[in-house]
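Colleague: Could you take one part of this model and walk me through it closely? I would like a connected account that I can follow with the coordinates open.

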Amino acid sequence: MSEVARRRFLQGASALGVAGMLGTGTASASSRYQWLSGDHHTHTQYSYDGMYTIEQQIRGALRHGTDWLVITDHGHQSHEAHSVEATAADLRRAQRKFPQLLLWHGMEWNVPGAEHATLFFEDCRDEAGVLRDFERQFDWRLNGAEASNPANERKALDAIRFLQTKIRNGTMKSALVFVNHPMRNGRVAPYEMRNMRDLAPDIVVGMEGAPGAQGDGDPLRGPGGHRGGYANSPGSNSYAGYPPEAYKTYGGFDWMTAKLGGVWDSLLAEGLGWWITSNSDSHFNSRDTIVRVPEPGNQFDLFGKHLDPLDVGPPQVSPPYVDFFPCEFSRTVVGATRRSRGAVMEGLRAGRAWVSHGGLVDDLRFTVHGTGGAETMGGRLRVRRGSDVTVLVKARLATRPNSAGFIPKLRRLDLIKGAVTGRASAETLSTPHVKVERSYEPRWHYAVFTHTFRNVREPFYLRLRGTDGNRGAFEPQADTPGAAKPWEDLWCYTNPIFVEVR
């Protein structure tokens with residue numbers, strides 16, 4: 001977005017007289033942040049199932065407007081033995097070569113008793129050594145703790161305590177964990193998420209609202225199967241309480257997120273933060289001409305690294321996964337107080353983020369205003385009982401073609417309201433106290449909407465979702481082979497704002 005366009009967007013509400021109606025706090029709630037696009041789930045040649053060099057992954061990310069990026073190669077015996085220092089050395093070179101990109105050395109953790117999660121640190125001394133130590137002790141590929149049972153679930157909590165100890169003793173300033181593709185195999189139970197969140201709410205802060213590998217649903221450039229690889233059904237390690245429909249994506253988003261009044265809403269109804277992101281899970285990217293070269297079958301086992309892939313001409317047609325480069329299709333946009341790694345992590349930890357697919361919107365601002373001032377995504381607005389609360393939504397619609405070659409159109413924004421009802425059972429999967437309060441149909445390039453709740457009496461939260469409306473129904477529809485083309489069913493979501501009533 002050009003600086004002139006950005007200023008015009010931020011001034012859009014004032015042009016309609018909205019700022020004066022809401023008071024002086026209107027602009028400061030969201031405009032004091034830099035909104036940075038990024039991805040916390042990407043893979044390289046240091047993953048057993050990856051391909052790209054770190055530089056290739058970074059160059060692809062920068063082509064698509066990525067501001068921040070976490071490299072998260074899989075935990076694996078050969079990775080722990082050979083890859084950690086090599087990755088760290090490549091990242092140091094990359095940071096010198098691409099100073100415009102905020103870059104982390106993280107990992108995709110095989111969580112004991114569950115499946116996968118992103119892990120990364122802030123200002124960690126001997127980062128590679130801490131990552132290897134964590135991987136050796138707590139990754140189920142290394143210690144045989146994969147099965148869903150109480151002992152392994154306790155080991156996952158021990159891993160979080162390990163991180164807490166490192167923060168307390170000054171080894172690192174902070175750490176973040178996000179649960180990845182939670183319903184791909186249904187192996188992370190609702191009580192596991194709650195237990196990790198409750199143990200360390202500043203570390204385990206959320207989940208992928210939408211999985212990567214969205215190109216798996218594309219019949220032209222991919223296998224035409226299931227978005228995100230969500231082709232599974234319950235297995236021996238799956239949580240028995242999940243219904244069969246939970247193993248699908250809906251408009252590309254995980255069932256936990258897309259189901260109105262579902263798992264995500266049940267967590268928010270407790271009045272506690274649990275944030276969503278959207279990521280590429282990039283392994284082999286759609287239409288890319290970079291391809292893996294032939295190599296001995298034991299290459300990764302011996303060296304913890306695949307041979308450098310080559311740009312050899314025609315696009316790959318049958319990779320094992322079909323992903324996109326970071327921010328090419330999925331992006332997580334974070335409100336940061338400055339352009340730094342620590343500020344991005346603080347924004348993610350605070351839930352100050354929105355997510356989008358396919359370039360559906362260029363910018364999305366969402367604030368709530370009341371007697372206590374104004375708050376944006378992830379915030380908590382405290383108001384007097386009986387006072388009014390006003391929502392302000394500003395959307396800047398897409399103006400440039402996305403990487404599929406067309407300009408997407410945002411056809412509807414839904415304002416969703418949920419009641420905060422307090423602590424729930426650890427196995428709760430739903431809440432009935434959620435509804436679409438109002439829907440908006442943007443008609444102009446800059447869309448500004450307001451809505452006022454009168455005489456508020458009880459606490460609640462608000463969140464937004466948007467759609468291109470191509471699949472017609474009011475609620476997101478299940479993605480199934482033949483009806484899972486990623487570019488033809490686009491959605492965006494914000495994290496919530498809580499309203500606390502006194």
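Modeller: Happy to, and let's start with the span at residues 38-113, bearing in mind that the model is predicted. The end C-alpha atoms of residues 38-113 lie 29 Å apart, and the span is 41% helix and 28% strand. The UniProt record, an unreviewed entry, places the feature "domain: Polymerase/histidinol phosphatase N-terminal" there.

From that span we can step to helix α7, residues 127-138. With 12 residues at 1.5 Å a residue, α7 should span 16 Å, and its end C-alpha atoms are 16 Å apart, so the expected and computed lengths agree. Helix α7 is mostly covered, with nine of its 12 residues buried. Those buried residues are Glu127, Ala128, Gly129, Val130, Leu131, Arg132, Phe134, Glu135 and Phe138. As a reminder for reading that list, an α-helix has 3.6 residues a turn, so residues three or four places apart point the same way. The cover over the buried residues of α7 includes the strands β2 (68-74), β3 (102-110) and β4 (116-122), together with the helices α6 (77-97), α8 (140-143) and α9 (150-168). Two of the buried residues of α7, Phe134 and Phe138, also belong to a cluster in which ring pairs link them with Trp109 and Phe162.

That cluster brings us to the aromatic pairs, of which the structure holds 21. Take Tyr52 and Phe325: their ring centres are 5.3 Å apart and their planes make an angle of 50°, so this pair is tilted. Tyr52 lies in the loop between β1 (34-42) and α5 (54-63), while Phe325 lies in the loop between β11 (310-311) and β12 (330-336), so the pair ties together parts that are 273 residues apart in sequence. Tyr52 is buried, with a relative accessible area of 0%, and Phe325 counts as buried at 4% relative accessibility. Phe253 and Tyr493 form another tilted pair, at 4.4 Å centre to centre with 40° between the planes. Here the partners sit in strands: Phe253 is in β8 (residues 253-254) and Tyr493 in β22 (residues 491-494), so that the pair links parts of the chain 240 residues apart. Both Phe253 and Tyr493 are buried.

Rings also meet charged side chains in this model. Arg380 lies over the face of Phe498, 4.4 Å from the ring centre. Lys417 is placed over the face of Phe460 in turn, at 4.7 Å from the ring centre.

Strand β22 leads us on to β13, residues 353-357. Three bridges join β13 to β22, and the two run antiparallel. Strand β13 is also joined to β12, by five bridges and again antiparallel. Ser356 is a handy residue to look at here: Arg331 stands opposite Ser356, and in β22 the bridge partner of Ser356 is Cys492. How many of the five residues of β13 are buried? The count is five of five, so to speak a strand that is mostly covered. In a regular strand the side chains alternate between the two faces of the sheet. In β13, Ala353, Val355 and His357 are on one side, Trp354 and Ser356 are on the other, and with all of them buried both faces are covered.

The loop between β11 and β12, where we met Phe325, deserves a second visit. Cys327 lies in that loop too, and Cys327 has a positive phi of about 70° although it is not a glycine. Most residues other than glycine have a negative phi. Cys327 is buried, with a relative accessible area of 9%. Ser318 has its place in the loop between β11 and β12 as well, but at 63% relative accessibility Ser318 counts as exposed, the cut-off being over 50%. Ser318 and Phe284 are 34 residues apart in sequence and 9.6 Å apart in space, C-alpha to C-alpha.

One more backbone angle to check is that of Asp281, in the loop between β9 (275-278) and β10 (290-291). Asp281 has a positive phi of about 50° although it is not a glycine. At 6% relative accessibility, Asp281 counts as buried.

Definitions and conventions: Residues numbered from 1 in each chain as written. Predicted model: local features only at pLDDT ≥ 70, side-chain atom pairs only at ≥ 80, totals over all residues. Heavy atoms only, no water. Helix = DSSP H or I, 4+ residues; strand = E, 2+ residues; numbered from the N terminus. Expected span 1.5 Å × (residues − 1). Buried < 20%, exposed > 50% of the residue type's maximum accessible area, 1.4 Å probe, protein only. Contact = heavy atoms within 4.5 Å. Phe/Tyr/Trp six-rings, centres within 6.5 Å; stacked < 30°, edge-to-face > 60°. Lys NZ or Arg CZ within 6 Å of the ring centre and 35° of its normal. UniProt positions renumbered as here; feature names shortened; annotations may be inferred. Pairing = 2+ DSSP bridges.
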